[in-house]
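User: I should like to learn how to read burial, packing and chain contacts from a model of this kind. Please take the features one at a time, giving the general idea and then the case at hand.

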Amino acid sequence: MIRPASPSTVHDNPFMKPMEWVSLALLAAVIFLVLPLCLDAFRLNLAGKYLSYAFVALGLVICWGFGGILSLGQGVFFGLGGYCMAMYLKLEASSVENTKIQSTPGIPDFMDWNQITALPWFWKPFASLPFTLIAVIVVPALFAFVVGTAMFRRRVGGTYFAIITQAIAAILTILIVGQQGYTGGINGITDLRTLNGWDIRTDSAHNILYFVNGALLVACILFAQYVKRSKLGRILVAMRDKEDRVRFSGYSVAGFKTFAFCLAAVFAAIGGAMFTLQVGFMSPSFVGIVPSIEMVIYAAVGGRLSLFGAVWGTLLVNWAKTTFSESFPELWLFGLGGLFILVVLAFPNGLAGIYRTYVEPRLTRRAKAPESAPTALPHAAE
Amino acid sequence: MNAALLPSHPIGADPAEKDFLLAVEALTVSFDGFKAVNDVSFYVDPNEIRVIIGPNGAGKTTVLDLICGRTKASSGSITYKGQELTKLSESAIVQAGVGRKFQTPSIYDDLTVFENLEISYPRGRSVLGALTFKRDAAVRDRIEEVAGMIFLKDHLAERAEFLSHGQKQWLEIGMLLIQDPELLMLDEPVAGMSVGERIKTAELLNRIIVGRSVLVIEHDMKFVEDIAHRVTVLHQGKVLSEGSMERVKNDPKVIEVYLGH
């Protein structure tokens with residue numbers, strides 16, 4: 001990442017280095033050209049679903065890779081974003097004429113089955129699309145802010161933080177499943193139809209949503225890149241290394257950790273909302289412990305220090321999951337666990353680390369043949 | 001000024017209190033009943049290099065921890081420029097002008113020397129400020145200036161991990177210098193340094209003293225003699241002796257517990 005430079009480039013802090021522009025162009029080409037041209041409508045929708053997980057992995061790179069804060073509960077934020085969007089879509093699908101066979105027309109079907117006769121107060125604002133779009137961002141951000149402030153102020157970190165986030169994921173799942181009448185329970189919120197009158201179930205809608213999802217992902221990558229190259233990004237890395245030194249350099253460590261956690265939450269929530277739109281439902285199976293850990297594996301496989309690596313890791317793991325779970329459904333989870341152990345033990349910096357250690361030096365050597373600059377690889381923190 | 005003139009009435013009322021940069025009074029901290037620091041009082045003048053010495057476990061590092069807010073005092077007060085530090089958060093204490101160097105070099109291995117110094121530059125310390133921080137000419141010039149002072153001008157682009165032990169110590173001193181603190185606290189700044197590096201460090205400390213006070217913990221007596229204006233000897237959490245190096249060296253109590261060995 002940082003190699004000895006000539007004195008004139010010591011102070012340069014470009015938005016992206018040339019190789020990063022190449023990575024971005026490559027990723028954009030795959031998302032916007034290669035996949036849409038090579039895949040049929042069903043597979044492209046599947047790819048769009050995978051890419052919605054990439055938002056979570058991207059947030060984990062900032063939070064875990066740079067900041068050293070491992071959250072095993074990112075499914076919570078993915079779920080909050082997804083549920084906010086699903087509530088809006090469900091209300092739109094539950095118009096009085098669509099639900100006239102219910103005992104209480106005009107409310108979501110699962111509420112009617114659970115003998116609820118009026119729309120609960122917290123569902124009401126979700127009739128508005130602008131409110132929903134704001135809520136998709138603000139609800140998870142606020143929740144992450146409360147959790148983050150409570151934990152980081154008390155200097156809860158490392159393993160304890162990871163365990164608490166995991167507990168939150170478990171609690172939220174139990175809450176959603178238990179409050180069936182308000183949340184749709186274990187089935188989640190299903191039978192979503194239109195977004196502000198536009199049918200999201202058609203192939204053409206899936207196609208458009210795929211591109212919207214891709215554009216949002218690139219926007220999030222660019223924002224993450226902005227954070228990474230700002231002083232804040234370097235403070236996150238510094239904190240991972242020597243938290244006390246940062247604290248005694250006049251920074252409120254808790255504030256910076258909370259920011260990283262909130263940003264990761266917002267990214268995850270955008271992914272969750274796009275997931276709901278593309279897949280057409282949201283359920284607690286995307287909120288709990290297992291999906292949360294899977295999301296960490298995406299980032300670990302791709303490389304927790306690389307924004308682009310996280311996206312590739314997500315695509316690769318999900319492609320492998322689909323392929324292998326179609327053939328060996330009962331073995332897949334063991335495969336996933338094995339993959340995680342392999343990555344952590346052998347390639348702690350994931351795919352991006354392999355690329356930086358083995359591929360990039362060859363590319364640069366070929367580019368500037370006589371120069372043999374030693375490449376320094378950032379070490380992964382514990 | 002000496003200890004007999006100390007203000008016994010409330011801080012802020014006595015003009016004499018202005019003379020001290022740092023006043024530590026009746027400071028006590030107990031860990032599960034064990035008093036690591038017990039009723040310690042001392043006063044540091046502006047532009048003074050004060051060295052704290054004492055055997056292992058005397059409470060030297062704990063005193064620095066208490067001043068910079070890393071450990072909360074059980075009782076007593078720490079007044080810095082008329083401001084009570086025991087009630088402030090760590091970052092507020094730094095922003096008030098107190099800088100602290102740790103015993104083992106505490107630098108950011110994954111960042112370059114330039115970036116290490118930049119993080120300590122006293123601007124953009126809030127989340128938003130850090131996000132919008134611009135690496136402008138003022139920042140660069142100051143970093144180059146400090147890098148020159150700490151003998152690292154040619155290493156700015158290097159990752160801090162690859163510096164030698166002595167260079168890491170200097171880098172951390174540089175990170176404090178860039179904060180421009182009025183009170184600089186150094187915990188064993190020459191531990192593990194070569195003779196040549198020690199001489200350079202003493203020279204560095206004598207140079208940066210202008211306009212600030214330095215509180216140093218050190219075991220190396222030769223180094224202490226080179227730099228100290230005054231010495232405070234701690235023993236079992238209490239002040240055993242205080243004064244010039246000459247006086248302390250000849251104090252029978254000090255000889256008995258410490259220097260005589």
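User: In which element does I270(A) lie, and is the residue buried or exposed?

Analyst: This is a predicted model. Burial is read by counting neighbours: a residue is buried if 20 or more other C-beta atoms lie within 10 Å of its own. I270(A) belongs to helix α11 of chain A. It has 27 other C-beta atoms within 10 Å, so I270(A) is buried.

User: Which residues does I270(A) touch, apart from those up to four places away in sequence?

Analyst: Such contacts show what the fold brings together. I270(A) touches F55(A), G81(A), V136(A), L216(A) and C220(A). Between I270(A) and F55(A), 215 residues apart along the chain, the C-alpha separation is 7.1 Å.

User: Which residues of the largest nonpolar core touch the most other members?

Analyst: A core is read as a connected set of buried nonpolar residues. The largest one has 184 residues, and A57(A), L58(A) and L60(A) touch the most other members. Helix α11(A) provides the largest share of this core, 20 residues. Beyond its neighbours within four places in sequence, L58(A) is in contact with C220(A), I221(A), A224(A), F267(A), L307(A), A310(A) and V311(A). C220(A) thus appears among the contacts of L58(A) and among those of I270(A).

User: For contrast, where is P105(A) placed, and how many other C-beta atoms lie within 10 Å of P105(A)?

Analyst: The same count is applied to loops. P105(A) sits in the loop between α3 (74–93) and α4 (109–113) of chain A. With 14 other C-beta atoms within 10 Å, P105(A) is partly exposed, because the partly exposed class falls between 12 or fewer for exposed and 20 or more for buried. Not counting residues up to four places away in sequence, P105(A) touches V96(A), T99(A) and K100(A). Its C-alpha atom is 7.9 Å from that of S94(A), 11 residues apart along the chain.

User: How many residues does each chain bring to the contact between chains A and B?

Analyst: The size of an interface is often given as the accessible area lost when the parts come together. Here the description is by residues: 30 come from chain A and 33 from chain B. On the side of chain A, α9 (231–241), α10 (243–247) and α11 (253–279) each supply at least two residues. The most comes from α9(A), with seven residues. By class, that side of chain A has 15 nonpolar, eight polar and seven charged residues.

User: What span should helix α5 of chain B have, and which of its residues are buried?

Analyst: A helix can be checked by its length and by its faces. At 1.5 Å a residue, the 13 residues of α5(B) (137–149) should span 18 Å, and the end C-alpha atoms are 18 Å apart, which agrees. The buried residues are V139(B), I143(B), V146(B) and A147(B). They fall within an arc of 105 degrees seen down the axis, so they line one face of the helix. The face turned away carries the exposed residues A137(B), A138(B), D141(B) and G148(B). Among what covers the buried residues are α3 (113–120) and α6 (165–179) of chain B. After α5(B) comes F151(B), whose phi is positive, near 65 degrees.

User: What radius of gyration does chain B have?

Analyst: An overall dimension is read against an expected value. A compact globule of 261 residues would have a radius of gyration near 18 Å; chain B has 19 Å, which agrees. Chain B contains 10 helices and 10 strands, and 48% of its 261 residues count as buried.

Note on methods
Residues are numbered from 1 along each chain as its sequence is written. Chains are lettered from A and ligands numbered from 1 in the order in which they are written. This is a predicted model: local features need pLDDT of at least 70, side-chain atom pairs count only at pLDDT 80 or more; totals for chains, interfaces and linings use all residues. Two residues are in contact if their C-beta atoms, placed from the backbone, lie within 7 Å. Helices (H or I, at least four residues) and strands (E, at least two) are DSSP runs, numbered from the N terminus. Ala, Val, Leu, Ile, Met, Phe, Trp, Tyr, Cys and Pro count as nonpolar, Asp, Glu, Lys and Arg as charged, and the others, Gly among them, as polar. A nonpolar core is a set of buried Ala, Val, Leu, Ile, Met, Phe, Trp, Tyr and Cys residues joined through C-beta atoms within 7 Å. The expected span of a helix is 1.5 Å times one less than its number of residues. The arc is that of the directions from the helix axis to the C-beta atoms. The radius of gyration is taken over C-alpha atoms; the globule rule is 2.2 Å times the number of residues to the power 0.38.
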